[in-house]
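This briefing covers a pocket, a nonpolar core, a set of salt bridges and one loop glycine. Please read it with the sequence and the structure open.

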Amino acid sequence: MSHPDMGQKALLFLIDGTYGSRDVNGAPNPKWMKAPFNGDWACSLIVSQDEVACDAVGMDIIIGEWPEFQSLNYCDEYLREAASLPNAPSGTVYQQQGKPLQQPLGLFEHWNRDHQYTKIDLRYKKM
């Protein structure tokens with residue numbers, strides 16, 4: 001995430017949720033029941049210039065859709081670390097080319113009950 005050829009460049013980070021599925025074997029299944037999909041297929045692309053925010057939104061959608069998978073509650077720790085630099089919660093000192101990183105690598109938050117963020121600018125467009 002902190003590679004010198006990636007940070008602060010005009011890159012777009014992309015999550016391809018075109019065939020988002022609960023199960024990994026076979027055809028996508030089941031349809032997504034929670035908003036904004038409401039009984040339809042996810043068929044989504046999440047795009048951002050902020051790689052941390054991009055993953056945070058993707059995780060919120062997945063965790064919101066399948067809360068029964070309790071292990072998902074801890075799958076975002078790497079984002080918490082990246083967004084908290086230079087004071088990572090784990091106490092790890094992350095370095096780039098031998099020097100400690102001094103700035104967060106992106107924005108991280110979870111959406112509220114209304115699927116809203118305070119820092120991340122999320123825009124949903126049904127195609």
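**Largest pocket**

The largest pocket has 28 lining residues, and those nearest its centre are Leu 45, Leu 122, Arg 123, Tyr 124 and Lys 125. The model is a predicted one. The points below are grouped by topic.

- The volume of the largest pocket is about 740 Å³.
- Sorted by class, its lining holds 18 nonpolar, seven charged and three polar residues.
- Strand 2 and helix 1 (51-65) each contribute at least two residues to the lining of the largest pocket.
- Strand 2 has the largest share of that lining, with five residues.

**Nonpolar core**

- The largest nonpolar core has 21 residues, and the members that touch the most others are Trp 32, Val 57, Ile 61, Leu 79 and Ile 120.
- Helix 1 and helix 2 are the elements that give two or more residues to this core.
- Helix 1 gives the most, eight residues.
- In soluble globular proteins, nonpolar side chains tend to be buried together.
- Leu 79, one of the core members named above, is in contact with Met 1, Val 52, Asp 55, Ala 56, Met 59 and Phe 108, leaving aside neighbours within four places in sequence.

**Salt bridges**

- How many salt bridges does the structure hold? There are four.
- Side chains of opposite charge can pair when their charged atoms come close.
- Asp 76, Glu 77 and Arg 80 are linked in a network of salt bridges.
- In this network, Arg 80 pairs with Asp 76, and their closest N and O atoms are 3.6 Å apart.
- Arg 80 also pairs with Glu 77, where the closest N and O atoms are again 3.6 Å apart.
- Arg 80 and Glu 77 are three residues apart in helix 2 (residues 77-83), so about one helical turn separates them.
- Is Asp 76 buried or exposed? Asp 76 counts as buried, because its relative accessibility is 1% and the cut-off for buried is under 20%.
- Arg 80 is partly exposed, with a relative accessible area of 30%, and Glu 77 is partly exposed at 36% relative accessibility.
- A salt bridge outside this network joins Arg 123 to Asp 121, with the closest N and O atoms 3.0 Å apart.
- Arg 123 is exposed, with a relative accessible area of 70%.
- Asp 121 also counts as exposed, at 58% relative accessibility.
- Arg 123 thus appears under two topics: Arg 123 forms a salt bridge with Asp 121, and Arg 123 is one of the lining residues nearest the centre of the largest pocket.

**Loop glycine**

- Where is Gly 39 placed? Gly 39 lies in the loop between strand 1 (13-17) and strand 2 (44-48).
- The relative accessible area of Gly 39 is 25%, so Gly 39 is partly exposed.
- Not counting residues up to four places away in sequence, Gly 39 touches Lys 31, Trp 32 and Met 33.
- Of these contacts, Trp 32 is also one of the residues that touch the most other members of the largest nonpolar core.
- Strand 2, at one end of the loop that holds Gly 39, is the element with the largest share of the pocket lining.

Conventions: Residues numbered from 1 in each chain as written. Predicted model: local features only at pLDDT ≥ 70, side-chain atom pairs only at ≥ 80, totals over all residues. Heavy atoms only, no water. Salt bridge = Lys/Arg side-chain N within 4 Å of Asp/Glu carboxyl O. Buried < 20%, exposed > 50% of the residue type's maximum accessible area, 1.4 Å probe, protein only. Helix = DSSP H or I, 4+ residues; strand = E, 2+ residues; numbered from the N terminus. Contact = heavy atoms within 4.5 Å. 1 Å grid on protein atoms, 1.4 Å probe; cavity = no way out; pocket = protein on both sides within 12 Å on 5 of 7 lines; lining within 4 Å. Points joined across faces, edges and corners; volume = space filled by probe spheres on them. Nonpolar A, V, L, I, M, F, W, Y, C, P; charged D, E, K, R; others polar. Core = buried A, V, L, I, M, F, W, Y, C linked by side-chain atoms within 4.5 Å.
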